[in-house]
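User: I've got a structure open and would like to learn how to read it feature by feature. Could you walk me through it?

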Amino acid sequence: MAERKQYKIIGQRGTLRRYGWTKAAGTAIYTRDVRRPGMLFAKAMRNPYGHARIKSMDTSKAEAYPGVRGILRYDDPEIVNSGHAEILMNESWHEGGPVGCIIAADTIQIAEEAVKLVEVEWEVLPFYLDMEETLDPGATVLYPNHFPESNEYFSWLAAFMGGDELIRAEPDLDAGFAEADIIIEDDIEYKKGYHAGSEPRSYVFEWGADGKELNVWSHSQTPSTEGPMAQGDKLLIPRMLGIPSANYKLHGTFQGGTFGGKISLEHIFVAVAMLARKVCAPLSFLQSRSDEQGREDAGLRAHLKIGVKNDGTITAIHLDPAIVEVGDGGVEGEAFIWAVVGGAKPADMIRELLKTTNIETDSKLAMTSKVCATSFRCEKNQSGYIHTKINQLVATKLGIDPVKVAEKNVHVAPESKSFEEVIKAGKEAIGWDSKWHKDGEKTLPNGKKHGMGFTYAHMWHAGGGASQFGSFGCHMDFDGSVTISSATSDVGVAAHTTYIMIAAEELGVTVDKIHYPITNTDIFAAKSPGGSYGCAANAPLVQMVAQQVKQKALAKFAPLFEVASGDELDMADNMVFVKANPSNTKPVAELCNKLGCGAFPIVGAIDATIGPGAQEVPYNCFQAHFCEVEVDPETGKVDVTNAVCVNDFGQMIRPESCEGQMYGGYYMGLGPNLMEENIYDAATGCRLNDNLCDYKYALMNDTAMPTCIAKEVTLDEGVYGNVGAGEPTGTITRGLINTAVCNALGINLNTNPVLPQDVLKALGKA
Amino acid sequence: MSEETKKGLSRRQFLKDAGIVVGGTAIGSSIFFAACKGDTTEITKTVTKTDTTTKTETKTTTKYQCPFDNQEFDSLSALKAHMESAHAGEGTIVDSAGNDVVSLTINNEEYAVGIQPEWSLQYLLHDILGFASIKDMCTGYGACGTCTAVVDGRPALTCMMLASECDGAVIETAEGLARDNHPLIDAYVKYDCMQCGFCTPGFVTTAKALIDRIPNPTEDDIKEALAGNLCRCGTYPQHIPAVLEAASKVGGSK
């Protein structure tokens, strides 16, 4: 564990977000803004049924439509002879899936009209929307090419991610339940939610250099080559197209929020690249909101059995069964499969968080006729929901304060004061001790039921603590300015600003001396660009390259100070000084000027590095979340009137960014509590709310604005004692409002979101 | 925000750097009068540049001449109005491809653009004229606010408006506010109002229209004004102090 230090830049407020001005001014160019000379626009045909196969397809009318410049069909030789016929198929396993053909035209409107002119004779096939129906032994097998026996999903990654690596001791359920005074049983459900990242997914492909170089502008969380846990565009697209990875030229664009929804490479993007080659023109593939809105995280239904003592001590937990819905599992639509990560480990959170080790899960992964499920901000949503509900169920059953249940059961590292500090701060901020009451006991003068909600968790690294695989470059130029190069893209977490602050701290220069282009995968490709592999994983790499440059620069400056080596020098605030005589100091820029252009650039680089293990030690830093609701028993409407979020970040790098993840996570966590739900038509398998009018997520006035309290209590395992900020904040709050509504009504609601009709139903009014 | 960052952000230069081409049919190109009887006459457009007292600035005056009576007008809108009143039924103003022409004032610059009847204002501003700030989160449902521009003083969802309905409109985008150093831009940076940033320009233009309408808005005014703008990153709390500060710096003047 790192020692707490006082830094000049790290942890200090006031460093403005790099590219913030560009974003506010609207001059930030995202993939959807890219326009190239002669560019055409592509549109894919979409499956109108829950599951269907093309029996015959006539594209002649579309081909004749004015402005259409090319069509790629599933039975074209480019596809059939590519060795990757899966790129464009004649079958789609869910409504809205790309199928059959892609059309390139002068404008997006022409492409859309032309798609409507394609005449198809469909063979409509069986589909399943429900995770339990699909596992029925009599169910039609949906994906016989991959799973010929049943619709239960399995993969090595699922086994790994859902495995036993977090089990601290062998569970003994019988002993645990024997020790209990009370057995609580309940069924809970976590419904799938849509990531709804702000920028619909899009790609632009342009072939250059004698048709051998593929220029790409992409909205993707994995534009680079990635590591063992994921495979990115630069690895997969060239492989499927049969070109060298070196010829895959990525042009950096700003990235709209992704939240895990753009982590898998979908086959259709490779087909668009093929069509771009066929039409000999730059080709833009702008998906509509409907096109991408099938993407969800994993759903979950579980039967919970909890053993608990009368004082609130949990002695055993059995999830039997825990069914996780993974959609099509990615087997027919994705070049790399992330489904398994989303929800494949439903006991994850409670294994990490609770003292009891008597925890077992009998889980099954169910494949349905929906898009591959991928993690949504984090893969712990489902297990976090289970954890939150377990704490609430125990408190409800025993009629005790849920915070006391947490205090009884939480597993904390021996020397960490984090848990008690975040609880204390949160309780004070919301006035918990004066406001909490037993379930259903408080009706407000306005006739509404009053409820208090609570949940807690540890903070996790999201990608590893001490080090991870990855690569960064850093160089100092002849005027002392510094450039950082990496595949990192900023999906909103201010990655560039954060890494600039780290580099500035390590180099001893001010942040304005450092430039950081938005994305570079030419040589620094082997790194995840954002998403889970964030600051905790990248901080040591930035630290290393910055230290390399500093060491090399000081060695070159040494003769100018007439000292024997760079070891006798140091840098701070853009000044170089002799350690033994700090008054002997010169500006970096002046020294660089004296060295002359021939001495530059001074380069530091970290090639792909596997760090010394990314073992998470998830018991140092904690978070606690509190809320207050009013529930109208006449309408069922739930109003969140107060919310407090407390997170211990160990050591913040950029405090404003940490806070941004707190309120941002709160709003994202709120949605699955109150309003977000993908709705399907049971008769047709079609999505009914595949747009942002009918799929609701939180607007500014939908809830009370949260009070966010960022703490630095206990250092964690990051190189600066830092811990992940993005995932923990938005993950654990997904059951928070549910607990408050249960407290208000005195009735256990076992689903989310808690819609007005659910409240009225619970009250016997609907 | 350093001056270095602000410099070089002229829209055209940025688009050039980003590999973007401004497309379209009639930026600065000829405008014609298509008479009903079939004749087509080019409208005389006189551009005069005049040196002002400083050596670095010039003043540009554009005059549009009526093909019937040679009267001169300061804007295409004025010429159109004149033709509709004085020469009704004689024909329409078109571009060289025969498309109807709308005249727009965007960020204090005049545009005369040939349009297709099905184009939305969002498509015209973003895809044809290259205003990258006009985003499309909901892709045409009017659900998100990312395509908001200030149109004739009101925050407008440009994906919900036909370009053909906007003839003569005065439009402001985030690029224009940034160019004119409107305090909202710096306030948005100061309060970290953006994360991924895709929705940010839509918030900025919505807030601009609010400040124009209510020079000293309250927190509730701001919440009400911004209540229709979606931000999936959840930046909502930060917009309140940013707009309050910007409003105080504007001091009520537009």
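User: Let's begin with confidence. What is the mean pLDDT of chain A?

Analyst: This is a predicted model, and chain A has a mean pLDDT of 91, with 92% of its residues at 70 or more. One stretch to flag is residues 612-616 of chain A, where the pLDDT is below 50. That stretch has nine contacts in the model beyond near neighbours in sequence.

User: How should I read a stretch like that?

Analyst: Where pLDDT is low, the predicted coordinates should not be read in detail. For residues 612-616 of chain A, with pLDDT below 50, take the nine contacts in that spirit.

User: On to the sheets. What is the general idea of strand pairing?

Analyst: Strands of a sheet pair through backbone hydrogen bonds, either parallel or antiparallel. Chain A has an open sheet of six strands in the order β7-β15-β14-β13-β8-β27, and its pairing is mixed.

User: Which strands of that sheet stand at the edges?

Analyst: β7 (152-153) and β27 (751-752) of chain A do; each has a single partner strand, so one side of each is left without a neighbour in the sheet. The partner of β7(A) is β15(A), joined to it by two bridges in an antiparallel run. Look for Tyr153(A), which sits opposite Leu365(A) in β15(A).

User: What about β14(A): how many of its residues are buried?

Analyst: In β14(A), residues 314-325, 10 of the 12 residues are buried, so to speak a mostly covered strand. On one pairing, β14(A) runs antiparallel to β13(A), residues 299-308, over nine bridges. Gly299(A) has Glu325(A) of β14(A) as its bridge partner. The two strands make a hairpin with five residues between them, and in the turn Gly312(A) has a positive phi of about 100°.

User: And how does β14(A) run relative to β15(A), parallel or antiparallel?

Analyst: Parallel: seven bridges join β14(A) to β15(A), residues 359-366. To find the register, check His318(A), which stands opposite Glu360(A) in β15(A).

User: Which strands make up the four-stranded open sheet in chain A?

Analyst: Its order is β19-β18-β17-β23 (chain A), again with mixed pairing. At the edges are β19 (514-515) and β23 (602-606) of chain A; because each has a single partner strand, one side of each lacks a neighbour in the sheet. β23(A) pairs antiparallel with β17(A), residues 472-476, over five bridges, and there Phe472(A) has Ile606(A) as its bridge partner.

User: Which helices lie across its strands?

Analyst: Try α16(A), residues 495-507: this helix lies across β17, β18 and β19 of chain A, at about 130° to β18(A). Then there's α17(A), residues 535-561, which lies across β17, β18 and β23 of chain A, at about 155° to β23(A).

User: Now chain B. How many helices and strands are in chain B?

Analyst: Nine helices and 11 strands. Of the 254 residues in chain B, 48% are buried. For contacts in chain B between residues at least 6 apart in sequence, 57% join residues at least 24 apart.

User: How do I read the interface between the chains?

Analyst: The size of an interface is often given as the accessible area lost when the parts come together. Here we can go by residues instead: chain A gives 49 and chain B gives 48. On the chain A side, the elements giving two or more residues are α1 (20-25) and α19 (655-674). The largest share comes from α19(A), with seven residues. By type, the chain A side has 23 nonpolar, 16 polar and 10 charged residues.

Technical notes:
Residues numbered from 1 in each chain as written. Chains lettered and ligands numbered in written order. Predicted model: local features only at pLDDT ≥ 70, side-chain atom pairs only at ≥ 80, totals over all residues. pLDDT = per-residue confidence, 0-100. Contact = placed C-beta atoms within 7 Å. Nonpolar A, V, L, I, M, F, W, Y, C, P; charged D, E, K, R; others polar. Buried ≥ 20, exposed ≤ 12 C-beta atoms within 10 Å, placed from the backbone. Pairing = 2+ DSSP bridges. Axes fitted to C-alpha atoms, helices over the stretch in contact; angles between N-to-C directions.
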